[in-house]
Amino acid sequence: MKKIILSTLAIALCSFFINCNTGKKSNDESENSKNMESKLKELITVKLTTDLTKLTSKEKQMIPLLIEVAKLMDDIFWVETFGDKEKFLNGISDSLTKRFAEINYGPWERLGDDKSFISSFGEKPLGANFYPADMTKEEFEKLKDKNKTSLYTLIKRNDDKSLKVVWYHEAFKEKIEKAASLLKEAAKLAEDEGLKKYLNMRAEALLTDNYQPSDMAWMDMKNNTIDFVVGPIETYEDGLFGYKASHEAVILIKDKEWSKRLDKYIATLPDLQKQLPVDEKYKAEKPGKGSDLNAYEIIYYAGNSNAGGKTIAINLPNDEQVQLKKGSRRLQLKNSIKAKFDNILVPISNVLIDESQRKYIKFNAFFNNIMFHEVAHGLGIKQTLNGKGSVREAMQNTASGFEEAKADILGLFMVTKLIE
Ligand SMILES: [Zn+2]
């Protein structure tokens, strides 16, 4: 069986322990190098594979084009999170430190509270590189420009130091235009009409920073084998205001057999909603409309999705207007879940779980637990009963914590009901 092996991490790790002995170093440097060696040992390399025989010859030709686009997103993310990648990396002499900096997209350890691991760098700016590092919140509030809070603009300084708003498609013009033309080339190869339409519209979105039409098209895709999540999407990287979206890309291959199993559970949602142990009025909404759940193999992470911990499930789009009209899609990344199961969950369970119970630590159970959590997000109500708008709006910054807790407990409720 022919397999694709594509992974930024896999390529990365080849250079792991080469060049450790580069002759004389100051004590500081060799101390740091030792520290980097142990930091790098905390991480593990995983090959992301898929069965190529599932793809048609045109689909196979699309993959390298999508990887090109993904790499451009990666470059843009570097600018958004840090600044000048080349200058920064070329300035690091110790190869292990350099490797660690590449993995972290800068001098701050993402899985270590963003602490600086290169002494010449201080704390990570809260607003990353979306805003000038010396900008205060007050200064931002005084800026008169309605686009300043857009997900798709950067805040920069004019020559006279005043603030200005720059759209992503202007700030990253060259890379964006290249990415858009590659997407259109890939669209020509697409045999699935939905995918063809989405890729063309996503190219337009990159060029204009108007993403909604392409999000709608993404929701309409149902039968495509290849999926490509690309563009500025999540706002976690903007720790100052949470306004700015970061560029990323993931290339996915749908596992149609596993996806069929998931359909079965989505279909049970309306019935399970009726069985929720709460007052009738809290279960009047009909769940699962327009939403779908599918299993994928991920073969490439780039940009924001490749920085720090790797995602194992995707729930998009974020645009609430699109959600209202079309629902949302939930993507389970099967091979990534398996990699975390083998390399993280099993070793932990070997320490924490009683030996007699370890036989229950199975991949299927882990996958199902994540799956039922995701499906359970669809249970309950989305609108408040007292006219205060959506539950999310009414609960503000406590909404997402409660929503996650709800999904955990209702996931277990679903399993119990299904067993019964
Ligand atoms: Zn969740």
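**Note on the predicted model: domains, zinc site, cavity and strand 7**

1. The C-alpha centres of domain 1 and domain 3 are 31 Å apart. This separation is taken from a predicted model, and the points below should be read on that basis.

2. The domain assignment divides the protein into three parts, of which domain 1 comprises 1-18 + 31-45 + 83-118. Domain 2 is given as 48-82 + 128-254, and domain 3 as 256-420. Domain 1 and domain 2 are thus each assigned as separate segments of the chain, whereas domain 3 is a single range.

3. The zinc ion has as its protein donors H373 through NE2, H377 through NE2 and E404 through OE, lying 2.1 Å from the ion. Along the chain, the spacing of these donors is H-x3-H-x26-E. H373 belongs to helix 15 (residues 363-376) and E404 to helix 17 (residues 399-419), so this pair ties together parts that are 31 residues apart in sequence.

4. Two of the zinc donors may be set side by side with regard to accessibility. H373 has a relative accessible area of 13% and is buried, because the cut-off for that class is under 20%. E404, with 38% relative accessibility, is partly exposed, a class that lies between the buried limit and the exposed limit of over 50%.

5. The cavity analysis finds 1 cavity of 30 Å³ or more. The space in the largest cavity is about 30 Å³. Its lining consists of N369, F372, H373, D408, G411, L412 and V415. Helix 15 and helix 17 are the elements that contribute two or more residues to this lining. Helix 17 contributes the most, with 4 residues. In terms of residue class, the lining of the largest cavity holds 3 nonpolar, 3 polar and 1 charged residues.

6. The zinc site and the cavity share a residue: H373 is a zinc donor and also lines the largest cavity. Helix 15 and helix 17 likewise recur, as they hold the donors H373 and E404 respectively and both give residues to the cavity lining.

7. A separate matter is strand 7 (residues 226-232), in which 7 of the 7 residues are buried, so the strand is largely enclosed by the rest of the structure. Strand 7 pairs with strand 8 (residues 247-254) in the antiparallel sense, over 7 bridges. Within this pairing, F228 stands opposite I251 of strand 8.

Technical notes. Residues numbered from 1 in each chain as written. Predicted model: local features only at pLDDT ≥ 70, side-chain atom pairs only at ≥ 80, totals over all residues. Heavy atoms only, no water. Buried < 20%, exposed > 50% of the residue type's maximum accessible area, 1.4 Å probe, protein only. Pairing = 2+ DSSP bridges. Donors = N, O, S within 2.8 Å, 3.2 Å for Na, K, Ca; no water. 1 Å grid on protein atoms, 1.4 Å probe; cavity = no way out; pocket = protein on both sides within 12 Å on 5 of 7 lines; lining within 4 Å. Points joined across faces, edges and corners; volume = space filled by probe spheres on them. Nonpolar A, V, L, I, M, F, W, Y, C, P; charged D, E, K, R; others polar. Domains from an automatic or database assignment.
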